[in-house]
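Here's a quick briefing for anyone opening this model for the first time. Take a look at the sequence and structure, then read on.

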Amino acid sequence: MRRRSVLKGMAALLAMNSGSFFGMPALQARARTMRRVRPGDAAWPSAGNWQKLKDAVEGNLVEVHPLFGTCGADPKGAACQSDQKNIRNPFYVGDQPAGTQVSGWLDAWMPAPSVYAVKARNASDVAAAVNFARENSLRLVVKGAGHSYQGTSNAPDSLLIWMRAMNQVTLHDRFFPQCNNAKFVPVSAVTAEAGAVWIDLYNAVTAEADRYVQGGGCTDVGVAGLVQSGGFGSLSKGFGTAASGLLEAEIVTADGVVRTINACSEPDLFWAIKGGGGGSWGVVTKLTLQTHELPAHFGSAWGTIKAVSDDAFRKLIARFIGFYAANLFNPNWGEQISVAPDNTLKLSMVCQGLDKQQAKRVWQPFYDWVKASPQEFSVADELGAGATDARHWWDIAGNDSMIPDPRAGAPKYHGWWQGDQGQVGAFLHGYDSLWLPASLLKPQQQQRLADALFAGSRHKKIGLHFNKGLAGAPAEALAAAKETATNPAVCDAFALAIIADGEGPVYPGLARRALDMDAARKDAHAIDLATTELRRIAPGAGSYVSESNYFNPSWQQAFWGTNYPKLRAIKAKYDPDGLFFVHHGVGSEEWSADGFTRRS
Ligand SMILES: Cc1cc2nc3c(=O)[nH]c(=O)nc-3n(C[C@H](O)[C@H](O)[C@H](O)COP(=O)(O)OP(=O)(O)OC[C@H]3O[C@@H](n4cnc5c(N)ncnc54)[C@H](O)[C@@H]3O)c2cc1C
């Protein structure tokens, strides 16, 4: 009884004082951020308050409707038919406020639109939205191009800051960060607004200026999301991660302040956004990345080999590993191979710095070895290697490997790789990844690696993405990666193994057959079994934050390793009230799974 009357007295005091009592603002702030508000709650902003935000961003506040919502209302209607034409176009999906490039993840998340979105045009729009969200205890999400596998750029009952409209790209011959450090040597660079996608940079930097910038492999991935992931492209074995090339960024932090950050101005926050995960630090509005001399040639190697028996497949895997270790484990070669339950080895490799003849010469001994044993191996897809003028690598016209954005008015350089088509709108049954240490390539370890790949491939296709492990990269690329927040394990890994599967788009509202949940869960289990086989030879292996398992229970250690405590301290400094929350983001352990309730 006594305790209750004390509490009642305190509540009365709080109600009377409306913030003038000296301890009050802090108390109120704490109370506000324990629970975020949803539509229907008394504290949800009034229509008048929303109008104030709309005025502050000059009308660029929009209601968000579900992607393909037109189909829920009228599946046969013209609007639904027209929207559905674009269902496999990643640029269309990225251009919708509710667009998510993944249509969900079994038992993890399904797309759910925000209530409103601020379609940001500049840093002051972003600051207005951040301040509004903080002052009204709203759940805030930030979206670039929508490629989060983990669904971190969408949340129901939230306010979205949508960056897609900010996509200007500017080149610099000599860039100096805003920094008083006389030691800084100006370098050639490119500045991108945060809503740009990588093809915007490749067009400006390579096609138009004969330079190279290290970005992502998928042309339609967002620049800010990828850099904050760490970010790997086909040629990362030569040039390092995208985050390693970051020279400066502009970011709006939870206090609404627009900051220019670099190696000498707020270096801790600058370090954190280089791989510390998107959506946890603030809203990045601009990024400046170093550019490199463009190699004369980019090239590739391709083909599929099928083994006639399990024994032959074991032999093939072991032979390939030996061949990789001796000939491909260097800055020239990136991208991937896969080993699958049907005893196929698929090659989809990319190279830089080798001309056509050099690329062919590298692969000839392996191809000769395969073709010399037709009783054991057949060539399911023709084997080959080649190279082309690097300036035309991302050209759309006359390039069979690229699909152009067919929409009227789309930039002529917007297109995506044929090989990425299957991922557009995918609904994931499961996904996991782990960094495989380069020690497994030592001659005495190769058989263990081959055995584990064979065992894992009995359950599910395993991809080895050589460009997503930096062992074998030049010393300067490794040194730069060590100056980022990405798990240091990346520097000791020769590849990132990825095991994932799913099915075609199942966006909510689309008329389609019901999901076969049993089959999907069986598939997810197969992914776990394959991953387990690899974990046996790489215990405690890290995992790439943006291409990883939604359910990883040790995500802090897996994504950031020894960097996690430092990231946690930086989070506490710049966002003590956790305004920026994402699933398995730094500091998210303080919040409920939906990011609405702070754990006491
Ligand atoms: C089909 C596909 C292909 C991919 N290919 C590659 C690849 O080649 N290489 C690679 O390394 N990774 C790849 N990824 C992973 C990808 O890099 C990350 O998911 C990345 O974060 C996506 O950025 P986005 O802007 O496209 O996505 P979004 O979903 O918009 O954003 C991803 C995360 O970053 C945050 N974010 C986005 N913009 C900002 C901003 N301006 N300020 C603050 N936070 C922001 C979001 O809140 C979210 O948490 C791929 C993913 C998919 C689905």
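What follows covers the ligand and its surroundings, then one helix.

This is a predicted model, where local features need pLDDT of at least 70, side-chain atom pairs count only at pLDDT 80 or more, and totals for chains, interfaces and linings use all residues. Residues are numbered from 1 along each chain as its sequence is written, and side-chain values use heavy atoms, leaving out hydrogens and water.

**Around the ligand**
- There are 33 residues around the ligand (a heavy atom within 4 Å of it), and Val142, Gly144, Ser153, Phe232 and Tyr544 come nearest.
- A backbone N or O atom of Val142 sits 2.6 Å from a ligand oxygen.
- A polar backbone atom of Phe232 lies 2.8 Å from a nitrogen of the ligand.
- On its own the ligand exposes 950 Å², and the protein buries 96% of that (Shrake-Rupley, 1.4 Å probe).
- H9 (223-229) is one of the elements giving two or more residues to the shell, and its five residues are the largest share.

**Helix H18**
- Helix H18 (a DSSP run of H or I, at least four residues) spans residues 564-574.
- Its buried residues (under 20% relative accessible area, 1.4 Å probe, protein chains only) are Tyr564, Leu567, Ile570, Lys571 and Tyr574.
- They all lie on the same side of H18, because they cover an arc of only 120° around the axis (taken from the directions from the axis to the C-beta atoms).
- Pro565 and Lys573, both exposed (over 50%), are on the face turned away from that buried side.

Methods. Polar contact = N/O pair within 3.5 Å; in protein donor to acceptor, adjacent residues only side chain to side chain.
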